[in-house]
Amino acid sequence: MARSDTEARSGLEAASDSAAPALIDLAAGHPESAALPVDLFRAAAAAVFARDRSSILNYGAERGEGASRRALATFLAAEHGVEVDPERLFVTAGASVGLDLLCTLFTSPGDTVVVAAPTYHLALRTFADHGLEVVEVEGDREGIDARALRSALAAGPAKLLYLVPSFANPSGVTMSPERRLDVLEVARAHGTTVVADDVYALLAFDGATPAPLGWGREGVVNLGSFSKILAPGARVGWIHAQPDVLDAIEASGLVQGGGGLNPIPAALVAEVLASGAMPAHLRALRSTYADRARGLVAALERTLPDVRFLAPTGGYFVWARFPGRDARSLLARAHGLGVAFQPGDRFTLGDRWREYARLSFSRYPASVLAEGVSRLRRAVD
Ligand SMILES: Cc1ncc(COP(=O)(O)O)c(C=O)c1O
């Protein structure tokens, strides 16, 4: 079969020939190794170290080097179609670090954080680390229910509202423009800071990137990351927020003590951005992940016709309901048959989503995903 240029550039074509592994791990939300652009980083490292010599090895500017933030601002403006002021950016070591910093600086143990349920399970872990009370508000195909959110906030104040607005982990849902406005209004009226963790936003299969939620508004903090679109090992992400939020982060002991969180990786990523390689890399990722999502969806429809899900339009995940099945028991059997997934109850602190599984399609070509679904079928049987 002919391979497209974009696939060749992403390096993903090599994996499409690979045989199915003993364990097909649909649990991890990781890119596969072949998708990681080693050549881009090799060239970036050569350029950065040739130019910057020893200065790059010293403590870095607290918010990230000016050059890194300018490159990031140019990239975000081009990809999201919004204005981006580099002074509103803080370079993090990934979205997880951004979220942890916000919890450290803007919450106290016992405070409430409202989340859109089901929610990213490791954000729940971060909230637990900080002793926060989590209130879960469910939603529909347009995102968290604004009316239910209003009731939750009327019942008790919340410091933060945590959302994954685009191609959410685990549900795959992207908030509609109307829902975004409603939710922002409810949060504003109750003085709750919105944290928009948008690490999948640039992975719309049709390339129509959703606008970042509440960009530049008072009371909104946007988290982003290169983990899902370039390399999680780089540990580079960003916070976009109002000056008072960034001032507080800069004044923190962590940042004052250590300086910029990651000057060397941030410089490498900035060099990749400046090289102009990102648009083609993103096009290749979108096309590959779209193919994989289609492959997984087709395999589920063919092999497990009772399973219910919304076909994903971006991101990494299918959120699948196995009617009448307990996903934990299914997982125990599936493991023995060589396939794994995340059981739905990981994405809540309550007793919901027990019939659900999060299936990640990012790591494997369609043929391996189809074999994974066949193994799942045997587990169901
Ligand atoms: C919603 C969400 N936020 C954050 C992360 C982690 O991002 P980072 O690697 O930038 O810390 C993930 C990874 O699974 C995620 O799904």
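Contact here means that heavy atoms lie within 4.5 Å of each other. With that in hand, the helices and strands of this predicted model can be taken one group at a time.

Helix H8 is a good place to start. Spanning residues 243–251, H8 has Val245, Leu246 and Ile249 as buried residues. Look down the axis of H8 and these buried residues fall within an arc of 95°, so they line one face of the helix. There's a simple bit of helix geometry to keep in mind at this point. An α-helix has 3.6 residues a turn, so residues three or four places apart point the same way. As for what lies over the buried residues of H8, the cover includes three strands, S2 (89–92), S8 (220–225) and S9 (237–240), along with helices H4 (95–106) and H9 (253–258).

One of those covering helices, H4, deserves a second look. The axes of H4 and H8 come within 10 Å and cross at roughly 90°. That makes H4 roughly perpendicular to H8, since angles from 65 to 115 degrees count as such. On the H4 side, the contact is made by Leu101, Leu102, Leu105 and Phe106, while H8 brings in Val245, Ala248 and Ile249. Sorted by character, the residues of this contact come out as seven nonpolar, no polar and no charged. Val245 and Ile249 thus turn up twice, as buried residues of H8 and as part of the contact with H4.

Another helix pair is arranged in its own way. Helix H6 (residues 146–155) packs against helix H7 (residues 177–189) at an angle of about 10°, and their axes are 9 Å apart. H6 and H7 are therefore roughly parallel to each other. Ala146, Leu149, Arg150 and Leu153 in H6 meet a set from H7 made up of Arg179, Asp182, Val183, Val186 and Ala187. In this contact of H6 with H7, six residues are nonpolar, none is polar and three are charged.

Back at strand S2, which helps to cover H8, the side chains go two ways. Leu89 and Val91 point one way from S2, Phe90 and Thr92 point the other way, and all are buried. S2 is joined to S9 by four bridges, and the two strands run antiparallel. Within this pairing, Val91 stands opposite Trp238 in S9.

Next comes a small set of strands further along the chain. Three strands form an open sheet in the order S10-S13-S12, with antiparallel pairing. Strands S10 (317–321) and S12 (342–343) stand at the edges with a single partner strand each, so one side of each is left without a neighbour in the sheet. Even so, S10 is mostly covered, with four of its five residues buried. S10 pairs with S13 over five bridges, and the bridge partner of Val318 in S13 is Leu359. Two bridges join S12 to S13 (residues 356–360), where Pro343 stands opposite Ala357.

Both S12 and S13 show up again around helix H5. H5 covers residues 121–129, and its buried residues are His121, Ala123, Leu124, Thr126 and Phe127. What covers them includes H4, S12 and S13, plus strands S3 (112–117), S4 (133–140) and S6 (160–163). H4 therefore serves as cover for buried residues of H5 and of H8, the latter being the helix to which H4 is roughly perpendicular. Just after H5, Gly131 takes a positive phi of about 65°.

How values were computed:
Residues are numbered from 1 along each chain as its sequence is written. This is a predicted model: local features need pLDDT of at least 70, side-chain atom pairs count only at pLDDT 80 or more; totals for chains, interfaces and linings use all residues. Side-chain values use heavy atoms; hydrogens and water are left out. Buried means under 20% relative accessible area, exposed over 50%, partly exposed in between (1.4 Å probe, protein chains only). The arc is that of the directions from the helix axis to the C-beta atoms. Axes are lines fitted to C-alpha atoms, for helices over the stretch in contact, and angles run from 0 to 180 degrees between N-to-C directions. Angles under 35 degrees count as roughly parallel, over 145 as roughly antiparallel, 65 to 115 as roughly perpendicular and the rest as oblique. Ala, Val, Leu, Ile, Met, Phe, Trp, Tyr, Cys and Pro count as nonpolar, Asp, Glu, Lys and Arg as charged, and the others, Gly among them, as polar. Two strands pair if DSSP finds at least two bridges between them.
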